[in-house]
Amino acid sequence: MFDAIIIGIFVIAVAGVGYEAIDLLPPEVLVQVTNIEAVRFIIAGFGAIVGLALGLTAQTTYHRVETRVRRQPVEVILTRAVGLVLGLLLANLILAPIFLFPIPQGFSFIKPTFAILASVMFSFLGVSLADTHGRTFLRLINPDSIESLLVAEGTLKPASSKVLDTSCIIDGRIEELLKTGFIEGQIIIPQFVLQELQLLADSSNDRKRTRGRRGLDILNQMQGRYPDRIVVNSEDYEDINTVDAKLVRFALELNGILLTNDYNLSKVANLQKVPVLNVNDLARSLRPIYLPGDTLEIKVIRPGKEPDQGVGYLEDGTMVVVEESYKHIGSEIRAVVTSALQTSAGRMIFAKLEDWEKGNGEKKVSSKKNLTTNS
């Protein structure tokens, strides 16, 4: 709506200038025109086309400036605004005595020229000084606040808002992350994500309906526990069809972080310079690292490919192949890690029974004793 208003203002303004521009022609030229009103409308039509081009340019420029302003920290915008005001005030104070000097009529253009140059120069000077000494200025505003001191030094930065996508909500692990306190800042759920969850909950497919209802239940629980952090935003983009593209656009305009567990969405967002937190990446990074010689407790649930092998799984889904554990299927054992293998399907750990290694060690010790005795 705002874009249409900007374009409409330019079209009407330039068309109006074109409509009245015929009055600027010399009288001898106007006498030769047989239909002045028709010429007015023709020039106004050309003016409307020019105004449309100027309006589109102004609209694009406005969105670029808005995006840059959104990405700027609040303290930078505040200090630059103060520096701009101080620069303009200083320029007017310096120019006031100059305007009192008598200037010949032929050089009357000097005053406005000096005013424009001085205003531009001192404005840039004020903004430049704000960028250099803005943190000190923030410290002067509230010197007793530790937060102001840390912000002024650049140590403390505000937490970015997190934008949730549908898959991350249905997954449910985001609620556990909120409980532990590892997720900071506001949690924003766009309206089009809620609509997608509602469509899933109303689907005729049992699997989709279950996923949609699970997502809505998780959102209700999160909003009940964290009412100050969970925010539903009504922003929507009618010119974009897919929810993933809307999420990337929303996170980009918000200057927030996209929280998801969708691999393809993460790649698309990274290509568009949108910060992404992937829950699956977090889970993989938190997996315990087992080195050769480490012991672990695992339940053997099925036989392996080789004879006497048993297979179990850790809590994170990592498959563990244990030698000489075929007879222990269905029971929990202690095993010693021998090696680990990273495959395209995930991580595999190879281990041996702890009791089996002890038995082998005892056999080796006893055989050595026997050899010593025989000798």
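**A walk through the salt bridges, rings and surface**

In this predicted model, the side chains of D206 and R209 meet in a salt bridge, with N and O 2.3 Å apart. Both residues belong to helix α10 (residues 206-225), where they sit 3 residues apart, about one turn of the helix. R209 has a relative accessibility of 22% and counts as partly exposed, because buried is reserved for values under 20%.

That bridge is one of 9 salt bridges found when the whole structure is searched. Let us move on to helix α11, which holds both R249 and E253, 4 residues apart and again about one turn of the helix. These two form a salt bridge whose closest N and O atoms are 2.8 Å apart. R249 is partly exposed, at 32% relative accessible area, and E253 is also partly exposed, at 27%.

For a bridge between distant parts of the chain, look at R334 and E354, whose side chains meet at 3.1 Å, N to O. Here strand β9 (residues 332-343) supplies R334 and helix α14 (residues 354-374) supplies E354, with the two positions 20 residues apart in sequence. R334 is partly exposed at 37% relative accessibility, whereas E354 is buried at 17%. Salt bridges can also share partners, and in this way D239, R249 and E253 are joined into one network.

Now to the aromatic rings. How many aromatic pairs does a search of the whole structure find? There is 1. The partners are F192 and F250, arranged edge-to-face, with 6.5 Å from centre to centre and 85° between the planes. This pair, too, links distant parts of the chain: F192 lies in helix α9 (residues 191-201) and F250 in helix α11 (residues 243-254), 58 residues apart. Are the two rings' residues buried or exposed? F192 counts as buried, at 3% relative accessibility, and so does F250, at 5%.

Another buried residue is T318, at 2% relative accessibility. You will find T318 in the loop between β7 (310-313) and β8 (319-323). Apart from neighbours within four places in sequence, T318 is in contact with R287, G312, Y313, R347 and I349.

Finally, turn to the surface. L90, I94, I98, F99 and F101 form a nonpolar patch there, and together they have about 430 Å² of accessible area. One of them, F99, lies in helix α4 (residues 74-99). F99 is partly exposed, with a relative accessible area of 32%.

Notes. Residues are numbered from 1 along each chain as its sequence is written. This is a predicted model: local features need pLDDT of at least 70, side-chain atom pairs count only at pLDDT 80 or more; totals for chains, interfaces and linings use all residues. Side-chain values use heavy atoms; hydrogens and water are left out. Patches are made of residues with over 30% relative accessible area and no salt bridge: like charges are joined within 9 Å, nonpolar side chains (Val, Leu, Ile, Met, Phe, Trp, Tyr) within 5 Å. Accessible areas come from the Shrake-Rupley method with a 1.4 Å probe; for residues, only the protein chains shown count as cover. A salt bridge is a side-chain nitrogen of Lys or Arg within 4 Å of a carboxyl oxygen of Asp or Glu. Buried means under 20% relative accessible area, exposed over 50%, partly exposed in between (1.4 Å probe, protein chains only). Contact means heavy atoms within 4.5 Å. Rings of Phe, Tyr and Trp (its six-membered ring) pair if their centres lie within 6.5 Å; planes under 30 degrees apart count as stacked, over 60 as edge-to-face and the rest as tilted.
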